[in-house]
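Please look through the sequence and the 3D structure shown here, and keep both at hand while you read the explanation that comes after them.

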Amino acid sequence: MDRFVNVYILTFNCARILIETDFVAEHFFHALPQSARDSNDGRPIYDAPEIIVLSLQEIAPMSYAFLGGSFLTAFFDAFRRALDLAVSKQWGSEVDYVEVIRENSGMTAMMVFVRSDVSDRISWTETAQVGVGVLEMGNKGAVGTRLGYMVEDGHNETVDLTFVAAHLAPMEEEYERRNEDWKSIVERLVFGKKKTVRRRNRASGEDREERIALLSDETSDESASHSGIFAPGSHLFVAGDLNYRTCDTSPSKDDHRRFPQPTADVDSPRHFSHLLKNDQLTRELQRRKTLHGLSEELISFPPTYKYSALACLEARLGDTQEWKWARHRWPSWCDRILYLDLPPGTKERGHVQPHVYSSLPLFPTSDHRAVALSVSVLLEPLRGSSGIDQSGDVRPLPPFQLDPNWESRRAAARTKELIVGFLAYLSTTWEGLGLLLATGIGAAGGWLVLKSILED
């Protein structure tokens, strides 16, 4: 009998605002598949996924996100609390999760949680970051996590999973720039030589990390341990605000009259399916200009962007009878989750079994709707040559080669992020303004003291 590891992926553009944890928790598992089991009161019971991945864009204001570290703690912790609340409501105290990854690349972030009873099956993790925004900084960019999930307890053989959280260029007309952003991610989102092993100490309830070198480090070729998002033995999931729109130009004055509204009649011109036919991502995928080799489940949910401020207010009040759109942007499916399975026509069956792909209700703090995907991945390592036509597989033959200067370019961009983040912190936050004021007062006081001494 086949065995699987269940994965739940959620992507959300946070709009640089701290989330309302209760609201997010209420709808967190909206895309979880319903089990055949039912509770005594008729409420459906769901199986808790082994792995939960959060792809978060615009997680915090630039001043905090570019500085990183403790400046992002409150924003990460809000999602941790939302998850805990959602798990408690869904399964009670029977289930809990270990946080194994908390990582960001500028304003794009990722969190990975593993169910505590199987956390010891994570034998290693790797992370990677890249900026594709202004001067390659992280106002846009990607963060990646790759992990090894043991096929069986105590065995070295793993199913390798790669998750990428991405945020690409905005605006209707910039679809070619989004394609270039994807190219930059393939070239410069590189997983390094070190792997982090994080294990659960069941006696103390604490997690501990260890840094270990890869076996390939024993060779003289250090580049052998570097790999991009396409790895021959790894599954790949890409989730984020990919920003592909439904028109190549901005809406004209009266276009909002044709924006979609809730209706079950697919023949109605206001049904969202008509707008979906113009989706840029679908077009660019067919042209093989972006997200090469990846697949997406059928979209059966309304556009995820851009909702108006009034729509966010009504979401808090529970009024969802009408979709209220911002008139200066085409309603679009900006928030997407795609995955790389075995290429079509191979002898082997697919290893990824998708269940539910859906958007969540509008959260009152963002003009995006979150999107979630639940999948099961076969607990069987990918074999690079077993029944696979290599010419049709992007894993061993990625569309773009790794940039040999990826490390120095990222280091240079990170320096710029710290400078910009510090300046933004001083000029746009109350804490920074207070620091400037205190510094000014201190400087003035010091000058007065010095002047008094000199006059004496």
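The paragraphs that follow visit a helix, a pair of strands, a cysteine in a loop and a cavity.

Before starting, keep in mind that this is a predicted model, and that the values given below are computed from it.

A good place to begin is helix α4, which covers residues 175-188 and so has 14 residues by the count given for it. From its first C-alpha to its last, α4 reaches 20 Å, which is close to the 20 Å expected at 1.5 Å a residue. Ten of those 14 residues are buried, and because of this the helix is largely enclosed by the rest of the structure; a residue is called buried here when its relative accessible area is under 20%. Among the buried residues of α4 are Y175, W182, I185 and V186, but R178, D181, E187 and R188 are buried as well. What do these buried residues pack against? Their neighbours include the strands β5 (122-131), β6 (141-150), β7 (158-167) and β10 (234-241), together with the helices α6 (280-286) and α8 (406-428).

Two of these neighbours, β5 and β6, can be followed a little further, since the strands pair with each other in the antiparallel sense over nine bridges. One of the residues to look for is A128, whose bridge partner in β6 is G144. Strand β5 is also largely enclosed by the rest of the structure, because eight of its ten residues are buried.

Turn next to C334, which has its place in the loop between α7 (309-317) and β11 (335-340). Is C334 buried or exposed? With a relative accessible area of 0%, C334 is buried. Leaving aside residues up to four places away in sequence, C334 touches G240, D241, L242, N243, Y244, R245, T304, Y305 and H368. For one of these, Y244, the C-alpha atom is separated from that of C334 by 5.4 Å, although the two residues are 90 residues apart along the chain.

The last stop is the empty space inside the model, where the count comes to one cavity of 30 Å³ or more. About 40 Å³ of space lies in the largest cavity, and its lining is made by I9, V53, S55, M110, F163, V164, F237, V238, A239 and I337. The elements that give two or more residues to this lining are β2 (51-57), β7 and β10, and β10 gives the most, with three residues. In character, the lining divides into nine nonpolar residues, one polar residue and no charged residue.

Methods
Residues numbered from 1 in each chain as written. Predicted model: local features only at pLDDT ≥ 70, side-chain atom pairs only at ≥ 80, totals over all residues. Heavy atoms only, no water. Helix = DSSP H or I, 4+ residues; strand = E, 2+ residues; numbered from the N terminus. Expected span 1.5 Å × (residues − 1). Buried < 20%, exposed > 50% of the residue type's maximum accessible area, 1.4 Å probe, protein only. Contact = heavy atoms within 4.5 Å. 1 Å grid on protein atoms, 1.4 Å probe; cavity = no way out; pocket = protein on both sides within 12 Å on 5 of 7 lines; lining within 4 Å. Points joined across faces, edges and corners; volume = space filled by probe spheres on them. Nonpolar A, V, L, I, M, F, W, Y, C, P; charged D, E, K, R; others polar. Pairing = 2+ DSSP bridges.
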